[in-house]
Amino acid sequence: MKPKLLVTVTFIAMLIAACGAPSTQAQEPTADVAAIRTSAASTVISEFTLTAAAFTATPSLPTDTDTPVPEVTGTATVPPVAQVTGTAGTSVALCDSLAFVADVNVPDGTNMSPGQDFLKTWRVKNTGSCTWDANYKLIYAGYADKMAGQWQPLTQVVQPGQEVELSVQFKAPDQIGEYLSAWQMANSKGVTMPEAIYVKVIVQ
């Protein structure tokens, strides 16, 4: 064999050996992508499970400021006593009240002559807690016509719950027409009771 041919064959043999021979270096295993994803997902799920188990829900307080908060009281309270202001500007307890019982005479719609004098009497009941004495009186309530009314003073003490007759002396107006006059009981301080009593006559 010729020297050139020998060199050529030797070179080719070396190339084949270099390309076809297995590498002596240890090959690293190819990572399995699917396995890595499955492992990561399992880890995340485990962490969420542990977090949820350790979490304790706390109920939130209502934030509606319009809802009233009930007040707790241990004992019953006494209702406040109504206060009114008298003519002198002083505040007094309202213990006076009355209830109309009946017209003793001169019922509503009674006919009168012009200028006729008459005495109107009502029966009322003391429904307050104060006793009426001679200092209590009927006063004109300022409605319609006073008809020259003159109060007839009390001649007896009226206890709470007791009935009494109250009278006013009137004079019918001179003009023909229908007239109404309202009156209220006032105590010794000049404070009037809320109730009013009436007389109604027809002048003809």
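This report walks through the fold, the four-stranded sheet, the salt bridges and the nonpolar core of a predicted model.

Let's start with the overall layout. The protein chain holds two helices and 10 strands, and along the sequence the order is α-α-β-β-β-β-β-β-β-β-β-β. Of its 204 residues, 23% are buried. Contacts reach far along the chain: among those between residues at least 6 apart in sequence, 67% join residues at least 24 apart. The chain exposes about 14700 Å², with carbon and sulfur atoms supplying 59% of that area.

Next comes the sheet. Four strands make an open sheet, ordered E3-E5-E8-E7, with antiparallel pairing. Strand E3 (98-103) and strand E7 (150-152) are at the edges with a single partner strand each, so one side of each has no neighbour in the sheet. From one strand to the next, the twist averages 35°. In general, strands of a sheet pair through backbone hydrogen bonds. Here, E3 and strand E5 (residues 117-126) are joined in the antiparallel sense over five bridges, and Ala102 has Arg123 in E5 as its bridge partner.

Salt bridges add side-chain links between these strands. The count comes to four, including the three below.

| Pair | Closest N to O distance |
|---|---|
| Asp103 and Lys120 | 2.8 Å |
| Arg123 and Glu163 | 3.4 Å |
| Arg123 and Glu165 | 3.2 Å |

How far apart in sequence are Asp103 in strand E3 and Lys120 in strand E5? They are 17 residues apart. Their surroundings are worth a look: Lys120 has 0% relative accessibility and counts as buried, because buried means under 20%. Asp103, at 30%, counts as partly exposed.

Arg123 takes part in two of the tabulated pairs. Glu163 lies in strand E8 and Arg123 in strand E5, so their salt bridge ties together parts 40 residues apart in sequence. The pair of Arg123 and Glu165, the latter also in strand E8, spans 42 residues. Through shared partners, Arg123, Glu163 and Glu165 form one network. Each member is partly exposed: Arg123 at 27% relative accessibility, Glu163 at 35% and Glu165 at 41%.

Finally, the nonpolar core. In soluble globular proteins, nonpolar side chains tend to be buried together. The largest nonpolar core has 28 residues, of which Phe118, Trp132, Leu138, Leu154 and Met185 touch the most other members. E5, strand E8 (163-171), strand E9 (177-186) and strand E10 (197-203) are the elements that each give two or more residues to this core.

Methods: Residues are numbered from 1 along each chain as its sequence is written. This is a predicted model: local features need pLDDT of at least 70, side-chain atom pairs count only at pLDDT 80 or more; totals for chains, interfaces and linings use all residues. Side-chain values use heavy atoms; hydrogens and water are left out. Two strands pair if DSSP finds at least two bridges between them. Axes are lines fitted to C-alpha atoms, for helices over the stretch in contact, and angles run from 0 to 180 degrees between N-to-C directions. A nonpolar core is a set of buried Ala, Val, Leu, Ile, Met, Phe, Trp, Tyr and Cys residues joined through side-chain atoms within 4.5 Å. Buried means under 20% relative accessible area, exposed over 50%, partly exposed in between (1.4 Å probe, protein chains only). Contact means heavy atoms within 4.5 Å. Accessible areas come from the Shrake-Rupley method with a 1.4 Å probe; for residues, only the protein chains shown count as cover.
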